[in-house]
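Trainee: Could we go through this model together? I'd like to know how the labels are earned.

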Amino acid sequence: MVLNVQLFLDTMAYASVLGLLSMSLTLTYIVSRVPNFAHATFAAIGSYMVLIVVWLLGIYKTGPSWGVYYASLPLSFIVVGAVALLQYLIVLRPLAKKGISIDGLMIATLGIDIILVGLLNISADFLEEIFQQSPDKDLRKLVTYPRSGYLSSYEPTIMGVTASSILGPLLLVVSTVGFYLFLTRTKFGTAMRAAIENPQLAETLGINVNLVYSISWFIAGGLAGIAGVIMVMTTKLNPTMGWLLIVSVFAGSIVGGLGSLFWGAVGGLLIGFLEQFGVYYTQIILGALTGETVSLGNYRQVFSLGAIVVMLLVAPQGLASLNWGKILSRLGLRR
Amino acid sequence: MQSNHIIETRGIVKTFGGLRALDGVDIKVQRGSLTLLIGPNGSGKTTLINVIGGVYKPDAGQVIYEGEDITGLPPHEIYHKGIVRTFQIPRLFKNLIVTENLATAKRGNPGENVYLAPLKSRWIDFETKTIRESMITELKLKILHMWNRKSSELSGGQMKLVEIGRSLMAGARLVLMDEPAAGVNPTLAHQIFAMLKEMTRGLGITFLIVEHRLEIAAEYADYVIAMARGKVISEGKPNEVMTDPVVVKSYLEG
Amino acid sequence: MPIELDIGTLAQSLAYFIAAYTIVTLSLNLEAGFTGIPNFGKHLFVAAGAFVVASIGNRLSAYIVSVLYKDEILKLIQEDPLLSKRITEADIGSLWSMYADPLGNRDLDRIMDKFFAQHPELGILLFILILILAVAIGGLLGLLISYPALRLRGEYLAILLLAAAEMVVMAIGYYWKPLVGGTTGLFLPRYLAVFGQKVILGVTVLLILAAVAMYLYAQRIANSPAGRMMRAVRDDELAAASLGKDIAKVRRDVIIISSAMAALAGALIAIHTGSVVSTHYQRFSWTFIPWAMMIVGGVANNSGVVVGVAIIMILQKFVDIVKPMLAPVVPFDPVWLYQIGLGLVIILMLYMRPQGIIPEKPSRTVNFEEIFEDVLEDKVEDEQAKKMIREGRATP
Ligand SMILES: Nc1ncnc2c1ncn2[C@@H]1O[C@H](COP(=O)(O)OP(=O)(O)OP(=O)(O)O)[C@@H](O)[C@H]1O
Ligand SMILES: [Mg+2]
């Protein structure tokens, strides 16, 4: 079997989650020049919003519903956007103003990650308590001990295909194109580009750089939040679900070059496919060699780590820095 | 066997984007001389120092030191060949005290081997001499009273002096200085140039010095090279070059 | 509800944690504090030491025992009602792989413990050998990591190290059974049966000795020309390179030494615990907390590190004590409050006192003051000038 349709569909959801996360991580990096180690936990917060929606809207009783998406997407966008904005305003900006080195800022984001995971754990314990005390049998089943659960059974399907496999890529495309139009076609977008490329100059031109940065953080957080909504449909809910995922997210951003939103999205997508198909074909090959069933799904991050190492050593500025015209003509794809 | 020239550049070209910062630079520096490198702002003096010092690889051309092609060697190897340089904008180790800044420049400290560093007896004598030498150098540069100040707390002129001190500690045969006297008071600047001059005679060290303040530096110089727009436009004895109409014109334009 | 405190156990556990964290944080400080290498994957190197003990140590000790003491071990197995059915004489040759497999590990561990109780001298020998192996492999891992590390700066290096650590510890260590038994982990033999019932106390004392030795070692490096050079490289790479320092070599050497130190700590932690599970070597415990300790105590200051370690460990013990009191009152596990508190501490510390409680000091290679006085005596004639220089004033 050369191509596996179900695997492809699953990968679409996972890869677009990484696309959204790598793109939004790149946005915060462009703005603040610090890799945000808490970024994947932003997505985890988004995932918990889905749990809350499933609970409060009674979806756990009624079964699969579009309500999961209608309610979770905007809720996650706003809540996680606000978290990201607070991180920027309360922590990163004051520290950067004090002249704290990049190492210091990075460890601060690691600190934020710990705080957010702590808060998620507290919320998870709290929710679990509520669910377990409930007389409602369905609600008691919603979360399994300890602090984890599967929510994918509550998402609707479109012609037999899980919605996340279609919605994920759609959201990625919409936000990438939306960003592009926003940055190139609107006045605010132009101001935003100016503020990011040359803050001093933008300041003298009367652009409120701080406002631009704040909005960037909010949007980046919001995108991470909606990525979390899709993500929870592909994996198990858990407060620390971001901890291993961050490796893949960084891989995507680094492959994209950490300098362009579009390439960030592409990088994330590529990493998603690399991990999934890398695992799939390695399993087939190893299976054929050893004559046993090999399961490597848990090691998908190995491919991400490989991508990080290769990319940083071969083209540290990422795919964005490569001369694509030249490469395409070499490959005979363009004259 | 050896020529009189300690260092020589041949056709050095260095571009930044579209800008040709160095456009075929040939210079020769007499061994044991104090040679000045002058030229208006942006003429490429610092870039030339950076090329010789290994910070930039030139796009074309060679750097020949003592008859050996050292083009494109990394900075630490250039240092080990016997060349040291200072920076136009001082680059001190900002959390190190003044004396530590100077001592770091000392060549061949056996205590700098990370694995063997805990064996104090291997380096204690060398280190004692190094610290003593650092302090004597500080005394000459009139910064001994600040020997244990963190270098980030110094004024601009004092930082320049620490830069000079480090280059003198390096025990190099060729010292490249980028505007050492900027921000230093004239009396001290004179004393420093006199000291450098003395070192050319006493120790045979060669100095190639970028310096704008010719009213101070010229009287100590053996030779002057003038650059403009990435090229050498004139060279010779100080008063010849300083009165050369081409040089005067370039400064007026620059 | 009165709290019952077993002061002896508490003190012993506190001493153990302080010693283990002192070694790890000192090694982090050599890299990050002194040399400016942002190691965000410290847990990988601590885990490496522990993994060597479980993975290689278990196999090696079972192998040696099965070869050298074949009859004795067979006898012990046959005396065991459970194992005697499963393991026959023919299986003795594969004892080594059985002992590193979660299926066989638990049962065999009983036997191994009995065996070492009878042969404490072999246990000591193996302990020393495995410790040396852990340190050597830790250093080799550092060498390996240093190849990409040398070409990367700042945030890229931090990302790479964190990614490598997460993958090895959380993915391979957790899921790949042949390494350290996967999700269930592995029990280790009681190498230090020589301590009898007081084995935990014994290992704690060894850890304390190791921590003291590592402190003295780190202090020697800090107060040597090499320590000064590391700080110079951290402050300005280009200036240091122009003064002859081979930046790549300095960074590589420091990574190797620090990795070996971290692996030593990891190995001792494993032996103290008596078992290895990859989840014990998470980012929070062995990267984040050491960074927090360094930032609280003092960046590029070994004594500061010890202060930071003590403060945070005492805080943690305090949380452990109040936890049972808090647990019935709040609807969640109070341990999260500790995590959140640590996150806040690190951010507040960066904001209010980024240099830490005890700030960086010059590398005291020699007695500076004495040399200063000598130079003044020898080179300055004028008494007035001497006085001014001593007082830190410029002479005219
Ligand atoms: N890293 C760089 N990137 C781009 N352009 C550079 C760089 N370094 C130097 N230049 C340009 O090269 C030209 C030569 O600069 P350089 O610093 O060598 O001049 P200079 O003679 O030292 O001038 P000054 O007297 O102001 O120090 C200038 O136009 C400068 O802007
Ligand atoms: Mg210049």
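**Cores and a ligand shell**

Mentor: Sure, and keep in mind that the model is predicted. The largest nonpolar core holds 284 residues, and Leu142(A), Phe207(B) and Tyr281(C) touch the most other members. Helix 5 of chain A, residues 102–133, is its top contributor with 15 residues.

Trainee: What makes this core lie between domain 1 and domain 2 of chain A?

Mentor: Domain 1 (23–169 + 208–242) and domain 2 (245–320) both give residues to the core, so it lies between them. There is also a second, separate core of 23 residues, with Ile52(B), Ile70(B), Ile83(B) and Val210(B) among them.

Trainee: Which residues is Tyr281(C) in contact with, leaving aside its neighbours within four places in sequence?

Mentor: The list includes His43(C), Phe51(C), Val169(C), Ile269(C) and Trp286(C). Each counts as a contact because heavy atoms lie within 4.5 Å.

Trainee: Why is the link between ligand 1 and the side chain of Thr47(B) called a polar contact?

Mentor: An oxygen atom of the ligand is 2.5 Å from an N or O atom in that Thr47(B) side chain. The cut-off for such a pair is 3.5 Å, so the link qualifies. Lys45(B) has a side-chain N or O atom 2.8 Å from a ligand oxygen, and a polar backbone atom of Gly42(B) is also 2.8 Å from one.

Trainee: How much of ligand 1 does the protein cover?

Mentor: 64% of the 630 Å² of accessible area that the ligand has on its own.

Trainee: And which helix gives the most to the shell around ligand 1?

Mentor: Helix 1 of chain B, with 3 residues. Strand 2 (19–30) of that chain supplies at least two.

Notes. Residues are numbered from 1 along each chain as its sequence is written. Chains are lettered from A and ligands numbered from 1 in the order in which they are written. This is a predicted model: local features need pLDDT of at least 70, side-chain atom pairs count only at pLDDT 80 or more; totals for chains, interfaces and linings use all residues. Side-chain values use heavy atoms; hydrogens and water are left out. A nonpolar core is a set of buried Ala, Val, Leu, Ile, Met, Phe, Trp, Tyr and Cys residues joined through side-chain atoms within 4.5 Å. Buried means under 20% relative accessible area, exposed over 50%, partly exposed in between (1.4 Å probe, protein chains only). Helices (H or I, at least four residues) and strands (E, at least two) are DSSP runs, numbered from the N terminus. Domain bounds come from an automatic or database domain assignment. A polar contact is a pair of N or O atoms within 3.5 Å; within protein, one must be able to donate a hydrogen and the other to accept it, and residues adjacent in sequence count only if both atoms are side-chain atoms. Accessible areas come from the Shrake-Rupley method with a 1.4 Å probe; for residues, only the protein chains shown count as cover.
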